[in-house]
Amino acid sequence: SVAAGYWGRDDDADFGAVLEGTPGYLRTGDEGFLLRGELFVCGRRKDLIILRGKNHYPQDIEKCVERAASKTVRPGCVA
């Protein structure tokens, strides 16, 4: 299920998208493709994640994960 939109915002085009005639999709900004029934996520339209009004860049999140899991994750192998 997809929400109708953000609270108090009626003009948000990200909600209520239609994909091949099937309503109820949310435009997340993720880019990917289906191959033999498997979903591959390969990027984002904007290299920016906004959580609770604060901007987060993927490379910063990846660096935090590398530092937090330094014994289990090889440097440069987080995506």
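Which residue forms a salt bridge with Glu66, and how far apart are the closest N and O atoms? In this predicted model, the partner is Lys63, and the closest N and O atoms of the pair lie 3.5 Å apart. The count of salt bridges comes to 1, and the two residues that make this contact sit 3 residues apart in helix H1, which means that about one helical turn separates them. Their surroundings can be described as well, since Lys63 is partly exposed at 41% relative accessibility, whereas Glu66 is buried, with a relative accessible area of 15%.

The helix that holds this pair belongs to a protein with 1 helix and 6 strands. Read from the N terminus, the order of elements is β-β-β-β-β-β-α, and the helix H1 spans residues 58–68. Of the 79 residues in the protein, 9% are buried, and Glu66 falls under the 20% limit for that class. The protein exposes about 7,300 Å², of which carbon and sulfur atoms supply 53%. When contacts between residues at least 6 apart in sequence are considered, 2% of them join residues at least 24 apart.

Helix H1 also contains Val65, a residue that is partly exposed, with a relative accessible area of 35%. The C-alpha atom of Val65 is separated by 7.4 Å from that of Val78, a residue 13 positions away along the chain.

Among the strands, E3 (residues 30–35) and E4 run antiparallel and are joined by 6 bridges, and E4 covers residues 38–44. One of the bridge pairs can be located by name, because the partner of Glu31 in E4 is Gly43. The two strands form a hairpin with 2 residues between them, and Arg36 lies in the loop that connects E3 and E4. The phi angle of Arg36 is near 50°, a positive value in a residue other than glycine, and this arginine is exposed, with a relative accessible area of 81%.

Most residues other than glycine have a negative phi. A positive phi is found again at Arg52, where the angle is about 50° although the residue is not a glycine. Arg52 is placed in the loop between strand E5 (49–51) and strand E6 (54–56), and at 90% relative accessibility Arg52 counts as exposed.

The hairpin strand E4 includes Phe40, which contributes to a feature of the surface. Phe40 forms a nonpolar patch together with Phe33 and Leu35, and the accessible area of these residues together is about 250 Å². Phe40 is partly exposed, with a relative accessible area of 33%, and so passes the cut-off of over 30% that a patch residue needs.

What does the count of disulfides come to? It comes to 0, although a disulfide is, in general, a covalent bond between the sulfur atoms of two cysteines. For a pair to be counted here, the cysteine sulfur atoms would have to be within 2.5 Å. Two cysteines can nevertheless be described by their accessibility: Cys42 is exposed, with a relative accessible area of 57%, while Cys64 counts as partly exposed at 49%.

Note on methods: Residues are numbered from 1 along each chain as its sequence is written. This is a predicted model: local features need pLDDT of at least 70, side-chain atom pairs count only at pLDDT 80 or more; totals for chains, interfaces and linings use all residues. Side-chain values use heavy atoms; hydrogens and water are left out. Buried means under 20% relative accessible area, exposed over 50%, partly exposed in between (1.4 Å probe, protein chains only). Helices (H or I, at least four residues) and strands (E, at least two) are DSSP runs, numbered from the N terminus. Contact means heavy atoms within 4.5 Å. Accessible areas come from the Shrake-Rupley method with a 1.4 Å probe; for residues, only the protein chains shown count as cover. Patches are made of residues with over 30% relative accessible area and no salt bridge: like charges are joined within 9 Å, nonpolar side chains (Val, Leu, Ile, Met, Phe, Trp, Tyr) within 5 Å. A salt bridge is a side-chain nitrogen of Lys or Arg within 4 Å of a carboxyl oxygen of Asp or Glu. Two strands pair if DSSP finds at least two bridges between them.
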